[in-house]
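Visitor: I would like to learn how to read salt bridges, strand pairing and confidence in a model. Please take them one at a time.

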Amino acid sequence: MLRIGLFLLTNFAVLVLVGIIFNLLGIQGILDANGVNLNLGALLTMCAIFGFGGALISLLMSKTIARMSTRTQVIDQPRTADEQWLVETVRELAQKAGIGMPDVGIFPMPQANAFATGWNRNSALVAVSSGLLERFNRDEARAVIGHEIGHVANGDMVTLALIQGVVNTFVMFFARLVGFFVDRVLMRNEQGLGIGYFVTSIIMDIVFGVFAMMVVAWFSRRREYRADAAGASLASPQSMIAALQRIKAESEAGREQPLPSNMKAFGIYGNMGALLASHPPLEDRILALQSPQR
């Protein structure tokens, strides 16, 4: 609950700061002078409710969404030696990281992957693919699990939800601000909201949304390095490097299959597309782990 409280408090502080900046810059007066009858405070509050509200709801529902989108089967009672080892390894690493025992699951994917999610570091879900269990040796799999435990211990789910809430708010706010300006100033509409507002708002939602995705992806890449460091600490640096090298080899061999888009940020790897990539290149992650040893 402390993390959720800090989440809401931080969001409130952001809104207050933005309101102060707008007042200092005199933006409301500029809009009024141009015939844009718009209450910036009310608009910002509305966008915050939808922006932060959507991010918070997604965070609270993350475990359910993850299970459904990946078809993860949570292990209630281990039935095989692999399941027994997986549960015991998660328990050991969770205790070492100082978090509550997460739910443990396996999802049907021949490619090697894993993810962690959940709104609370003491109520998380850690899942690995069937392919990872089949092909990775125990040390490599343990390092991957340590990486996911690192995401949980570092509070990455709440952190990225906070960032997503902030960017959602500003995407909605500035898209509608531009829409109002185009409708009232450029198209001289004086009655209600015209077509200029709606068309411009939709276009700006898309344009600003792309930039917002870049911001979130940048933060996600930074969190991956921390999760790798956690995996190296909880397992061993050599095992974490070996696991990333194995994933890199499988990716180069064409065996890579990304997680659903809503889960990429917390998987062991994601898309590798430059500014929108949720994960850094595997070469950079391996180098970051090897550098302290040089």
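Guide: Start with a group of charged side chains: E224, D228 and R285 are linked in a network of salt bridges. A salt bridge here is a side-chain nitrogen of Lys or Arg within 4 Å of a carboxyl oxygen of Asp or Glu. This is a predicted model, in which local features need pLDDT of at least 70 and side-chain atom pairs count only at pLDDT 80 or more, while totals for chains, interfaces and linings use all residues. Residues are numbered from 1 along each chain as its sequence is written, and side-chain values use heavy atoms, with hydrogens and water left out.

Visitor: How many salt bridges does a search of the whole structure find?

Guide: The search finds 12.

Visitor: Which residue does R79 form a salt bridge with, and how far apart are the closest N and O atoms?

Guide: The partner of R79 is E83, with the closest N and O atoms 3.7 Å apart. To describe the surroundings, use relative accessible area: buried means under 20%, exposed over 50%, and partly exposed in between (1.4 Å probe, protein chains only). R79 is exposed at 72%, whereas E83 is buried at 11%.

Visitor: Where do D82 and R138 fit in?

Guide: Their side chains meet in a salt bridge with an N to O distance of 2.9 Å. The pair links distant parts of the chain, 56 residues apart: D82 is in helix α5 (residues 81-97) and R138 in helix α7 (residues 138-153). Helices (H or I, at least four residues) and strands (E, at least two) are DSSP runs, numbered from the N terminus. D82 is partly exposed at 31% relative accessibility, and R138 is partly exposed at 34%.

Visitor: Which parts does the salt bridge of R176 and D205 tie together?

Guide: The closest N and O atoms of R176 and D205 are 3.1 Å apart. R176 lies in helix α8 (residues 156-186) and D205 in helix α9 (residues 195-234), so the salt bridge ties together parts that are 29 residues apart in sequence. R176 is buried, with a relative accessible area of 17%, and D205 is partly exposed at 24%.

Visitor: Now the strands. What counts as pairing?

Guide: Two strands pair if DSSP finds at least two bridges between them. Strand β2 (residues 103-107) pairs in the parallel sense with strand β4 (residues 123-129) over 5 bridges, and D103 has L125 as its bridge partner in β4. Strand β1 (residues 73-74) pairs with β2 in the antiparallel sense over 2 bridges; there, the partner of Q73 is I106.

Visitor: How does strand β3 (residues 114-120) join β4?

Guide: β3 and β4 run antiparallel and are joined by 5 bridges. The two form a hairpin with 2 residues between them, and N120 has S123 as its bridge partner in β4.

Visitor: How many residues of β2 and β3 are buried?

Guide: Both strands are mostly covered: in β2, 4 of 5 residues are buried, and in β3, 6 of 7. In general, side chains in a regular strand alternate between the two faces of the sheet.

Visitor: Which elements have the lowest and the highest mean pLDDT?

Guide: pLDDT is the predictor's confidence in each residue, from 0 to 100. Among the elements of the protein chain, helix α2 (residues 27-33) has the lowest mean, 55, and α5 the highest, 96. The mean for the protein chain is 82, and 78% of its residues reach 70 or more.
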